[in-house]
Each structure stands twice: as structure tokens, then as C-alpha cells.
Amino acid sequence: MIDVARRHHHGVRFDLGSMTDLALADASVTGLVAWYSLIHIPDDEISSVLAHFRRAFRPGGPLLLSFHVGATGRS
């Protein structure tokens, strides 16, 4: 999907990385998409991932999250 985004949106930077260890400077990300990817993170690591997002994210930028909702967590 990153290749498709790069092909269709020239001049926009797209990076691929690990949500559990974002190698990005503080406040360096203008927008963030986590589309059905948080479901692959163990429940006990979600708060750490969201902290990485917050650290790297510029205030006021767009954030697109999507995830499944259910009665139980995934480990």
C-alpha cells in the first residue's frame, strides 16, 4: 500500500516503520494513518504505541485510525 500511495501522491512523503518503535523525531509527522493495524498489537503494548504516535505527531495534524470492536482483546 505504501507503494500505491507514493505512486498516486507525488511530492508527499510516506514512511513505513514499526509502531512499537517509531524511528521519528518528536513532532515530525504531519499526518498518521493506522488502518486496521492496531489490532496486531498486544493489548499491553497499545498505550506505548499511542505514546509513540503522540510524540512523533505535530499538533493539529490529521490522524486516521480504524480498528475492530469486540467483547474481548487479542493477545
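This report describes selected local features of a predicted model.

## Strand β2

Strand β2 covers residues 63-66, and Ser66 lies within it. With a relative accessible area of 11%, Ser66 is buried, because buried means under 20% relative accessible area. Apart from its neighbours within four places in sequence, Ser66 is in contact with Ala34, Trp35, Tyr36 and Ser37.

Leu64 is also found in strand β2. Its relative accessible area is 41%, so Leu64 counts as partly exposed.

## A nonpolar surface patch

Leu64 contributes to a nonpolar surface patch of about 420 Å², together with Val33, Trp35 and Tyr36. Tyr36 belongs to the loop between β1 and α2, the latter being residues 46-56. Tyr36 is partly exposed, with a relative accessible area of 35%. Two members of the patch, Trp35 and Tyr36, are also among the contacts of Ser66.

## Backbone angles with positive phi

Most residues other than glycine have a negative phi. Tyr36 has a positive value, with phi near 55 degrees. For Ala27, phi is likewise positive and near 55 degrees.

Ala27 is placed in the loop between α1, residues 2-8, and β1, residues 32-35. The relative accessible area of Ala27 is 37%, so this residue is partly exposed.

## Salt bridges

Side chains of opposite charge can pair when their charged atoms come close. The structure holds 2 salt bridges. One of them joins Arg55 and Asp26, whose closest N and O atoms are 3.0 Å apart. This pair links distant parts of the chain: Arg55 is in helix α2, Asp26 is in the loop between α1 and β1, and 29 residues separate them. Arg55 is partly exposed, at a relative accessible area of 29%, whereas Asp26 is exposed, at 55%.

Another salt bridge is formed by Asp15 and Arg13, with the closest N and O atoms 2.4 Å apart. Asp15 has a relative accessibility of 46% and therefore counts as partly exposed. Arg13 reaches 63% and counts as exposed, because exposed means over 50% relative accessible area.

## Summary

In strand β2, Ser66 is buried and Leu64 is partly exposed. Tyr36 appears in several of these descriptions: Tyr36 is in contact with Ser66, forms part of the nonpolar patch and has a positive phi. The loop between α1 and β1 holds Ala27, and Asp26 in that loop forms a salt bridge with Arg55.

How values were computed
Residues are numbered from 1 along each chain as its sequence is written. This is a predicted model: local features need pLDDT of at least 70, side-chain atom pairs count only at pLDDT 80 or more; totals for chains, interfaces and linings use all residues. Side-chain values use heavy atoms; hydrogens and water are left out. Helices (H or I, at least four residues) and strands (E, at least two) are DSSP runs, numbered from the N terminus. Buried means under 20% relative accessible area, exposed over 50%, partly exposed in between (1.4 Å probe, protein chains only). Contact means heavy atoms within 4.5 Å. Patches are made of residues with over 30% relative accessible area and no salt bridge: like charges are joined within 9 Å, nonpolar side chains (Val, Leu, Ile, Met, Phe, Trp, Tyr) within 5 Å. Accessible areas come from the Shrake-Rupley method with a 1.4 Å probe; for residues, only the protein chains shown count as cover. A salt bridge is a side-chain nitrogen of Lys or Arg within 4 Å of a carboxyl oxygen of Asp or Glu.
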